Amino acid sequence: MKKLTVIDLFSGCGGLTEGILQTKMFDPIAHVEWEQPMVKTLRNRLVNNWNYTVEDAKKSVIYFDIQKTEELISGNWSEESKKKYGKNNHGLIIKNGLKGLIGDKKVDVIVGGPPCQAYSIHGRATDSNSMLEDYRNFLFESFAKIVSFFKPEVFVFENVPGILSAKPGGISITERIYKEFEQIGYDITKPSKMSNTVFDSSDFKVAQNRKRVLIFGVKKDSKFNLEEFYGEINAKKSHINKLTVKDVIGN
């Protein structure tokens, strides 16, 4: 079976990449992260645990600010970008961007979990302006631009449940996200039903209560069906008692 190609945005230390690689069904061809310690960690993980060469790890894990989306996609970095990110990246990225790195490969899937601080209930409660003016509210726009350019069959957008109630500028973030992806030709769950996209890791044999929103997007002319994705996830929920930490490490 041919592996599906994946771009991982806001990749951090590689949590989503780790799960993707464990399935042995996907080929992550690019990762984008703008915090250098996380970039180093992910590159190291790919080399030491997934048999990447040092060269391939450096090439595929891109140290860059995703908000500079045009530079990221097409290359031709500004002098400012070269100075800040250049020496820690592969020359191909600087010259030809993601477009050059990926070449003639078709991108099948794009995944990403934009920073959650602006959306989290805790973050909003501890900020004097309830995160209403935090730029991180709108990082989904950069995600959407990359989806629009590469046009994968499917994308997966992961975040905290607080995203369902976030309203910067008095407009629901889920409404903004829905409109953004609708405009570029993707079906996602409607905002009124977005609460159905919340999943808890404890339902999947993990000894931890950790809820996350999983927004799947399917290209409008795709053979895939949005509801089938959620149906498959719900079918994998464990029907046994939830595991405790003692169950996992008690011996």
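The largest pocket in this predicted model has a volume of about 1,400 Å³. Its lining is made of 34 residues, and the ones closest to the centre are Phe26, Val156, Leu214, Phe216 and Ile233. Several elements each give two or more residues to that lining: β1, α1, β4, β5 (154-159), β7, β8 and α10 (226-235). Helix α1 gives the most, with 6 residues. As for chemistry, the lining splits into 18 nonpolar, 7 polar and 9 charged residues.

Since α1 gives the most to the pocket lining, that helix is a good place to look next. It runs over residues 15-23, and its buried residues are Thr17, Glu18, Ile20 and Leu21. Why do they sit on the same side of α1? They cover an arc of only 165° around the axis, so they end up on one side of the helix. Gly15 and Gln22, on the other side of α1, are exposed. The buried residues of α1 are covered by elements including β1 (4-9), β2 (26-33), α2 and β4 (109-112). Just past the end of α1, Lys24 takes a positive phi of about 60°.

Now for the packing inside. The largest nonpolar core holds 47 residues, and those with the most contacts inside it are Ile7, Leu9, Ile62, Ile110, Phe143, Phe155 and Phe181. Helix α8 (residues 140-150) is the top contributor to this core, with 6 residues. What does Ile7 touch, once residues up to four places away in sequence are set aside? The list is Ile29, Ala30, Ile102, Val107, Val109, Ile110, Val111 and Phe150. There is also a second, separate core of 12 residues, which includes Val6, Val109, Leu226 and Ile233. Ile233 therefore turns up in two places: in that second core, and among the residues closest to the centre of the largest pocket.

On to the loops. Most residues other than glycine have a negative phi, so the positive ones are worth a look. Asn51 has a positive phi of about 60° without being a glycine, and Lys205 has one near 65°. Here are the two side by side, with their loops and accessibility.

| Residue | Phi | Loop | Relative accessible area |
|---|---|---|---|
| Asn51 | about 60° | between α2 (36-50) and α3 (54-60) | 70% |
| Lys205 | near 65° | between β7 (198-200) and β8 (211-219) | 56% |

Asn51 counts as exposed because its relative accessible area, 70%, is over the 50% cut-off. Lys205 is exposed too, at 56%.

The loop between β6 (186-187) and β7 holds Asn196, and Thr189 is found in that loop as well. Are they buried or exposed? Asn196 counts as exposed, at 54% relative accessibility, whereas Thr189 counts as buried, at 10%. Leaving aside neighbours within four places in sequence, Thr189 is in contact with Tyr178, Met194, Thr197, Leu226 and Tyr230. One of these partners, Leu226, is included in the second core. Asn196, for its part, is 143 residues along the chain from Thr53, and the C-alpha atoms of the two are separated by 41 Å.

Methods:
Residues numbered from 1 in each chain as written. Predicted model: local features only at pLDDT ≥ 70, side-chain atom pairs only at ≥ 80, totals over all residues. Heavy atoms only, no water. Helix = DSSP H or I, 4+ residues; strand = E, 2+ residues; numbered from the N terminus. Buried < 20%, exposed > 50% of the residue type's maximum accessible area, 1.4 Å probe, protein only. Core = buried A, V, L, I, M, F, W, Y, C linked by side-chain atoms within 4.5 Å. Contact = heavy atoms within 4.5 Å. Arc of directions from axis to C-beta. 1 Å grid on protein atoms, 1.4 Å probe; cavity = no way out; pocket = protein on both sides within 12 Å on 5 of 7 lines; lining within 4 Å. Points joined across faces, edges and corners; volume = space filled by probe spheres on them. Nonpolar A, V, L, I, M, F, W, Y, C, P; charged D, E, K, R; others polar.
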